[in-house]
Amino acid sequence: MSHNLGKNAGRESDGRVVPTKCPNKGGSLSPAEGMEGRRPTKENTGQTAASQMQSWGNALAGLQRVREAAKREKRLRFTALLHHVSVALLENSFYALKRGAAPGVDGLTWQEYETDLDKRLEDLHSRVHRGTYRALPSKRAYIPKPDGRQRPLGIAALEDKIVQHAVGTVLNQIYEEDFLGFSYGFRPGRNTHDALDALSVAIMRKKVNWVLDADIRDCFGSFSHEWMEKFIQRRIGDRRILRLIEKWLRAGVLEDGEWSETEKGTPQGSEISPLLCNVYLHYVFDLWVQHWRKHRAAGEVIAVRYADDSVLGFQYRADAERFLREWRERLQRFGLELHPGKTRLIEFGRFAVQDRKRRGEGKPETFNFLGFTHICGQSWKNGKFFVLRKTIRERLLAKLKQVKAALRVRMHQPLAEVGKWLRSVVQGYFNYHAVPGNFARLWSFRFEIRKRWLHVIRRRSQRSRNTWELFERIAEQWLPRPRILHPYPMVRFDAKYLR
């Protein structure tokens with residue numbers, strides 16, 4: 001089935017569909033200037049803000065119609081989508097980008113592009129709709145991983161980021177109606193703490209005795225382009241959108257002045273990569289898991305996926321082992337594989353402690369997910385089973401090492417300047433890790449930060465008389481004290497997902 005939104009709109013020579021609605025009465029804009037995507041003439045400077053608001057209002061209304069159609073008909077193929085990539089949407093995408101991001105191969109920074117932004121976006125909009133827009137290769141960069149290895153990133157050119165963000169905004173209207181509830185990564189209105197809450201609540205409320213902690217090896221860089229195009233075409237029939245996605249997939253990577261073709265996957269770090277990864281795993285993993293637990297499992301099965309990192313819970317070990325075996329076979333079919341060092345099946349749940357104690361096997365094993373180590377614990381109120389979460393020790397040490405190196409660079413800066421910077425670092429760390437049960441790790445982090453700061457201050461001068469007691473007053477002034485900032489998982493989960 002095909003679908004073409006905006007049947008009552010006019011079509012321009014470049015293929016764009018624009019609404020025929022004119023400005024409100026009393027305005028001085030001509031009908032042509034009031035149409036979506038158009039800018040007012042220089043003489044009508046007094047109407048610039050109103051025109052921009054009208055264009056953005058038209059864009060939002062169009063996106064809402066797309067979402068309603070996607071929700072209404074789950075098998076609908078959208079054959080006309082590119083006209084929703086208007087100048088207003090491109091402008092919104094530009095301001096959604098990070099201002100201080102490193103430039104791509106074009107060398108353009110966000111601040112440089114903002115100069116004559118209207119003209120630049122008009123030209124970009126024209127090239128996209130005429131089909132003359134060309135995607136540039138991504139510039140290869142590397143960032144350190146917590147385990148000491150390097151994670152490859154692809155820095156896209158600025159205009160590629162703008163168009164990718166705009167197209168992703170349109171496609172999200174469709175796929176947000178398709179994606180399943182246990183998928184959390186890189187989705188609007190969902191974050192890591194939503195995934196953590198869902199996992200804890202599922203383990204505590206469902207019959208979970210075995211946990212499969214799994215990670216797909218290099219998912220962003222390994223998925224098949226052929227399969228990706230097939231998956232996208234199930235919902236997207238607009239050939240111009242499909243050509244844009246094909247351009248981004250095959251734009252290649254530039255490293256040390258040498259271009260290399262991307263035969264599979266997409267550079268991690270681009271604006272469109274998270275959405276493409278979610279679409280791929282939606283068909284390869286999510287729908288399959290949903291079918292498997294309904295028709296293949298003997299007991300209860302729970303699943304939480306954040307991008308390529310997944311945790312599944314099983315009532316029976318036989319189900320878990322059979323699932324893992326069949327999952328490996330399915331991933332191989334689609335060009336993916338599980339990371340052998342990050343995939344484990346462990347006994348975990350409300351009966352794990354007593355069952356292992358009865359067999360003389362010691363405490364249950366733990367697993368890591370989204371920065372936290374998950375532990376079988378007990379509530380201090382009633383002694384019931386509780387999933388305890390603590391900051392991953394290796395992550396904490398890596399952060400302290402990073403702060404120590406930065407303090408050395410700032411050694412001779414004014415005390416107040418360093419204190420202000422450290423306050424933001426510590427508070428930012430607390431904002432993510434201050435979950436119930438993690439209070440001791442928060443205090444440990446603050447204590448170690450304070451110790452490293454004092455060490456750097458003492459090294460500024462051989463005559464330094466800063467004692468621990470004297471420095472304590474400085475630390476109290478600048479370093480925030482830890483406090484729990486997040487509610488218990490079931491409190492936030494139940495409030496967000498009312499049954």
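The exercises below work through the packing and backbone of a predicted model, each with a solution in steps.

**Exercise 1. Overall make-up**

Task: State how many helices and strands the protein has, and what percentage of its residues is buried.

Solution: The secondary structure of the protein comes to 18 helices and 15 strands. Of the 499 residues in the protein, 49% are buried. Turning to contacts with a separation of 6 or more, residues 24 or more positions apart account for 69% of them.

**Exercise 2. The nonpolar cores**

Task: Identify the residues with the most contacts inside the largest nonpolar core, and find which helix gives the largest share of this core.

Solution: The largest nonpolar core has 78 residues, and F323 and W327 are those with the most contacts inside it. Its largest share, twelve residues, comes from helix α11, which spans residues 273-295. A second, separate core of 29 residues includes M204, F348, F367 and F372. Returning to W327, and leaving aside residues up to four places away in sequence, one finds that this residue touches L212, A214, F285, W288, S310, L312 and L338. As general background, nonpolar side chains in soluble globular proteins tend to be buried together.

**Exercise 3. Helix α6 against helix α10**

Task: Classify the packing of α6 and α10 from the angle between them, and give the handedness of their crossing.

Solution: Helix α6 (residues 158-175) and helix α10 (residues 239-249) pack at an angle of about 135 degrees, and their axes are 12 Å apart. Because this angle falls neither in the range 65 to 115 degrees nor over 145, α6 is oblique to α10. The crossing in which α6 passes α10 is left-handed. On the α6 side the contact is made by D160, V163, Q164, V167 and L171, and on the α10 side by I241, L244, I245 and W248. Sorted by class, this contact has seven nonpolar residues, one polar and one charged.

**Exercise 4. Helix α5 against helix α6**

Task: Repeat the analysis for α5 and α6, and determine which residues make the contact.

Solution: Helix α5 (residues 117-130) packs with α6 at an angle of about 65 degrees, with the axes of the two helices 12 Å apart. Since the class of roughly perpendicular runs from 65 to 115 degrees, α5 and α6 are roughly perpendicular to each other. The crossing of α5 past α6 is right-handed. L121, L124, R127 and V128 of α5 make the contact with E159, I162 and V163 of α6. By class, five of these residues are nonpolar, none is polar and two are charged.

**Exercise 5. The cover of helix α3**

Task: Decide whether helix α3 is mostly covered or mostly uncovered, and name its buried residues.

Solution: Seven of the ten residues of helix α3 (residues 87-96) are buried, and the helix is mostly covered. The buried residues of α3 are V87, A88, L89, L90, E91, S93 and F94.

**Exercise 6. Positive phi outside glycine**

Task: Locate A307 and L370 in their loops, and give the phi of each.

Solution: Most residues other than glycine have a negative phi. A307, however, has a positive phi, near 60 degrees, and is found in the loop between β10 (301-306) and β11 (309-314). With a relative accessible area of 5%, A307 is buried. L370, likewise not a glycine, has a positive phi of about 55 degrees, and lies in the loop between β13 (367-369) and β14 (372-378). Its relative accessible area is 16%, and L370 therefore counts as buried, the cut-off being under 20%.

Technical notes:
Residues numbered from 1 in each chain as written. Predicted model: local features only at pLDDT ≥ 70, side-chain atom pairs only at ≥ 80, totals over all residues. Heavy atoms only, no water. Core = buried A, V, L, I, M, F, W, Y, C linked by side-chain atoms within 4.5 Å. Buried < 20%, exposed > 50% of the residue type's maximum accessible area, 1.4 Å probe, protein only. Helix = DSSP H or I, 4+ residues; strand = E, 2+ residues; numbered from the N terminus. Contact = heavy atoms within 4.5 Å. Axes fitted to C-alpha atoms, helices over the stretch in contact; angles between N-to-C directions. Parallel < 35°, antiparallel > 145°, perpendicular 65-115°, else oblique. Left-handed = near helix turned anticlockwise from the far one by under 90°. Nonpolar A, V, L, I, M, F, W, Y, C, P; charged D, E, K, R; others polar.
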